[in-house]
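Please look over the sequence and the structure shown here before reading on. The report below is meant for someone who has not met this structure before.

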Amino acid sequence: MSKSYKQTIFHNLSFQLAQGEWLGIVGENGSGKSTLVKIIAGLEKADQGTIFLREKVQSSYTRAEWAQQIQLVTQYSRKSLDPMKTVAQLLREPLQLWHLAPADKIDDRITSIIAHFNLPVSILTAYPATLSGGQYQRVSLALSLLVEPAILICDEITASLDKINERHLFKFLRAQKQMTVIMISHDGALIDKVCDRSIRIQDFST
Ligand SMILES: Nc1ncnc2c1ncn2[C@@H]1O[C@H](COP(=O)(O)OP(=O)(O)O)[C@@H](O)[C@H]1O
Ligand SMILES: [Mg+2]
């Protein structure tokens, strides 16, 4: 696929992913990594090109279907969670929207998600602004993972983590065996360590 704003961001960029594979995307700041994954997640349009998921073209999915299959977690920022909702309300929404649990099982499901992400039960009544950085990120990740997406895209998510939490995060993501992961980082060494292979945006700049 190709994408330009004022200048060409990438041209004829193409790749395939096998289920469970981890693909790294590396490139300098401003090279187009976030643009590429926003296109894959359906939040931006490519100028040219098509994305297939399980042999079906993107346009044959509804927005909600696509979002359930492909989840994007962006760089930790204090803006991604709705500040007016408690953690329990935030987690309840996708479960209801996508009918991922029967109404009488939703609270059980939320409790198990919280435990799974090593978060205290007290967090359920907390608002995003009161969470620590690590908690905020784990809640964001929990929100993305509870729909059990086929593909998880992580855009610079380890940027604000220390090495211990980084290792913890990768171990956790690796345990989701069926999940395909697209991992973006400006840190090539990190990508080499955790991904099966990687592509460089710069290789598609002309
Ligand atoms: N919506 C937009 N309109 C115009 N230019 C944009 C837009 N989004 C990103 N860009 C430009 O595209 C380039 C790539 O941005 P981005 O994908 O965020 O790069 P990266 O994530 O690799 O740092 C940058 O020069 C950025 O300024
Ligand atoms: Mg970016």
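What follows goes from the overall fold to the strands, then to two helices and the ligand.

## Overall fold

This is a predicted model, and the chain in it is made up of 7 helices and 9 strands. A compact globule of 206 residues would have a radius of gyration near 17 Å, and the chain, with 17 Å, agrees with that expectation. Measured out along its principal axes, the C-alpha trace covers about 50 × 40 × 35 Å.

Of the 206 residues in the chain, 26% are buried. When contacts between residues at least 6 apart in sequence are considered, 74% of them join residues at least 24 apart.

## Strand 3 and its partners

In strand 3 (22-26), 5 of the 5 residues are buried, so this strand is largely enclosed by the rest of the structure. Both of its faces are covered, with W22, G24 and V26 on one side and L23 and I25 on the other.

Strand 3 runs parallel to strand 8, to which it is joined by 5 bridges, and within this pairing W22 is placed opposite V181. Strand 3 also pairs in the parallel sense with strand 9 (residues 197-200), here over 4 bridges, and I25 is the residue that stands opposite I199 of strand 9.

## Strand 6 and strand 7

Strand 6 (residues 70-73) is likewise covered on both faces, since I70 and L72 on one side and Q71 and V73 on the other are all buried. Its pairing with strand 7 (residues 151-155) is parallel and extends over 4 bridges, and I70 of strand 6 faces I151 in strand 7.

## Helix 1 and the ligand

Helix 1 (residues 33-41) is mostly covered, with 7 of its 9 residues buried; these are K33, S34, L36, V37, I39, I40 and A41. The cover over these buried residues includes several strands, among them strand 3, strand 6, strand 7 and strand 8 (180-185), together with strand 1 (3-4) and strand 2 (8-10). Just after the helix, G42 adopts a positive phi of about 85°.

Which residues lie around ligand 1? They are Y5, I9, G27, N29, G30, S31, G32, K33, S34 and T35, and helix 1 provides the largest share of this shell, namely 3 residues. Sorted by class, the shell holds 2 nonpolar, 7 polar and 1 charged residues.

## Helix 3, with a buried and an exposed side

Helix 3 (residues 87-97) has V87, L90, L91 and L95 as buried residues. Viewed down the helix axis, the buried residues of helix 3 fall within an arc of 130°, so they line one face of the helix. On the other side of helix 3, by contrast, E93, Q96 and L97 are exposed.

The buried residues of helix 3 are covered by elements that include helix 4 (106-116) and helix 5 (133-145). Just after helix 3 comes H99, which takes a positive phi of about 50°.

How values were computed:
Residues are numbered from 1 along each chain as its sequence is written. Chains are lettered from A and ligands numbered from 1 in the order in which they are written. This is a predicted model: local features need pLDDT of at least 70, side-chain atom pairs count only at pLDDT 80 or more; totals for chains, interfaces and linings use all residues. A residue is buried if 20 or more other C-beta atoms lie within 10 Å of its own, exposed if 12 or fewer, and partly exposed in between; C-beta atoms are placed from the backbone. Helices (H or I, at least four residues) and strands (E, at least two) are DSSP runs, numbered from the N terminus. The arc is that of the directions from the helix axis to the C-beta atoms. Two residues are in contact if their C-beta atoms, placed from the backbone, lie within 7 Å. A residue is near a molecule or strand if its C-beta atom, placed from the backbone, lies within 6 Å of it. Ala, Val, Leu, Ile, Met, Phe, Trp, Tyr, Cys and Pro count as nonpolar, Asp, Glu, Lys and Arg as charged, and the others, Gly among them, as polar. The radius of gyration is taken over C-alpha atoms; the globule rule is 2.2 Å times the number of residues to the power 0.38. Two strands pair if DSSP finds at least two bridges between them.
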